[in-house]
Amino acid sequence: MVDVDTLVREARAGRPRAVARLISLVEGASPQLREVMAALAPLTGGAYVVGLTGSPGVGKSTSTSALVTAFRKAGRRVGVLAVDPSSPFSGGALLGDRVRMSEHASDPGVYIRSMATRGHLGGLAWAAPQAIRVLDAAGCEVILVETVGVGQSEVEIAAQADTSVVLLAPGMGDGIQAAKAGILEIGDIYVVNKADRDGADATARELNHMLGLGESRAPGDWRPPIVKTVAARGEGIDEVVEALEKHRAWMEAGGELAARRARRAAGEIETIALTALRARIGDVHGDQHLSSLAAKVTEGVLDPYAAADELIAELTRG
């Protein structure tokens with residue numbers, strides 16, 4: 001057992017080991033997780049959460065590192081959650097993102113944590129929402145969450161971030177991918193990275209065209225800007241930061257920021273409740289009861305909806 005109150009105090013004081021220990025308790029689903037979350041709750045709500053996603057190879061880690069540099073120049077404490085694919089052997093993160101951001105490792109105003117997806121779909125680790133809370137409570141003013149890499153389903157970052165940044169690069173077929181992957185619906189800011197390559201202007205034009213298709217925005221609604229960058233050289237990063245600040249100001253002015261955070265909290269509550277219910281299903285008369293219901297469905301004695309109703313009735317009686 002760990003002293004949660006002491007860990008929280010040390011995390012607030014900026015001690016990275018305390019932050020690391022708290023996130024480890026979250027990732028490991030520690031029996032003290034409820035105690036940790038209760039201690040953190042009054043300390044959260046101050047951080048601006050920015051999600052970065054895009055196809056593998058577009059420069060997410062390089063862009064994240066460049067944004068860290070820009071925010072640090074402005075004097076802000078920055079937290080980074082870099083979600084890596086899980087190792088098929090150990091189940092842990094491959095840590096590639098953290099290696100690429102090693103230039104910030106000695107900066108006490110930056111905390112970088114790699115997290116493994118551990119099979120969780122959506123581009124994020126299942127513990128990401130709680131890890132964000134830890135960084136928020138630890139005094140990070142900006143939290144950058146870098147996803148595994150968006151495909152056609154890995155758009156969960158839109159539900160976890162205040163602002164979602166979608167990165168594309170010329171010559172990678174991202175325009176076509178964007179049209180079919182649904183990322184045109186999740187991006188608040190679009191970044192065409194590696195803009196020194198041939199085709200960058202064409203990629204930006206194509207993206208602008210696709211954003212205009214089916215556009216049904218009312219006056220005053222946010223229209224996602226398109227920013228061209230060369231993150232490896234820091235070019236265009238100030239423009240990305242400016243776009244982030246404008247989007248945050250727009251959300252605060254219209255109440256959208258509070259609404260997004262409320263939706264995020266609702267989703268987190270629902271996930272925790274569903275996880276608890278799944279655990280209880282196995283506790284209702286043990287797994288034998290569920291097996292018995294399954295057998296009745298297989299034999300045609302019950303339909304699956306009636307079987308589910310019976311299982312729910314058992315849960316509510318318990």
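Does A29 count as buried, partly exposed or exposed, and at what relative accessibility? In this predicted model, A29 has a relative accessibility of 44% and therefore counts as partly exposed. The residue is situated in the loop that links α2 (16–27) to α3 (33–40).

**Backbone: positive phi values**

A29 is a residue other than glycine with a positive phi, near 50 degrees. K194 is likewise a residue other than glycine whose phi is positive, in this case near 55 degrees. K194 belongs to the loop between β6 and α9 (200–212). The two residues are set out below.

| Residue | Phi | Loop |
|---|---|---|
| A29 | near 50 degrees | between α2 (16–27) and α3 (33–40) |
| K194 | near 55 degrees | between β6 and α9 (200–212) |

**Strand β6 and its partners**

Strand β6 covers residues 189–192. Its side chains alternate in direction: I189 and V191 point one way, Y190 and V192 point the other way, and all of them are buried. Strand β5 (residues 163–168) pairs with β6 in the parallel sense, over 4 bridges. A parallel pairing over 3 bridges also connects β6 to strand β7 (residues 226–228). V191 takes part in both pairings: it is the bridge partner of L167, and it stands opposite V227 in β7.

**Packing of α4 against α10**

The geometry of a helix pair is described by the angle between the two axes and the distance between them. For helix α4 (residues 60–73) and helix α10 (residues 237–254), the angle is about 70 degrees and the axes are 10 Å apart. An angle from 65 to 115 degrees counts as roughly perpendicular, and α4 and α10 are therefore roughly perpendicular to each other. On the α4 side, the contact is formed by A66, L67, A70 and F71; these residues meet I237, V240, V241, L244 and E245 in α10. By class, the residues of this contact comprise 8 nonpolar, no polar and 1 charged.

**The surroundings of H104**

H104 lies in the loop between α5 (96–100) and β3 (110–116). Buried means under 20% relative accessible area, so H104, at 7% relative accessibility, counts as buried. Which residues is H104 in contact with, leaving aside its neighbours within four places in sequence? They are S65, V68, T69, V110 and I112. With S65, the side chain of H104 also forms a polar contact of 3.1 Å, side chain to side chain.

Terms used. Residues are numbered from 1 along each chain as its sequence is written. This is a predicted model: local features need pLDDT of at least 70, side-chain atom pairs count only at pLDDT 80 or more; totals for chains, interfaces and linings use all residues. Side-chain values use heavy atoms; hydrogens and water are left out. Buried means under 20% relative accessible area, exposed over 50%, partly exposed in between (1.4 Å probe, protein chains only). Helices (H or I, at least four residues) and strands (E, at least two) are DSSP runs, numbered from the N terminus. Two strands pair if DSSP finds at least two bridges between them. Axes are lines fitted to C-alpha atoms, for helices over the stretch in contact, and angles run from 0 to 180 degrees between N-to-C directions. Angles under 35 degrees count as roughly parallel, over 145 as roughly antiparallel, 65 to 115 as roughly perpendicular and the rest as oblique. Contact means heavy atoms within 4.5 Å. Ala, Val, Leu, Ile, Met, Phe, Trp, Tyr, Cys and Pro count as nonpolar, Asp, Glu, Lys and Arg as charged, and the others, Gly among them, as polar. A polar contact is a pair of N or O atoms within 3.5 Å; within protein, one must be able to donate a hydrogen and the other to accept it, and residues adjacent in sequence count only if both atoms are side-chain atoms.
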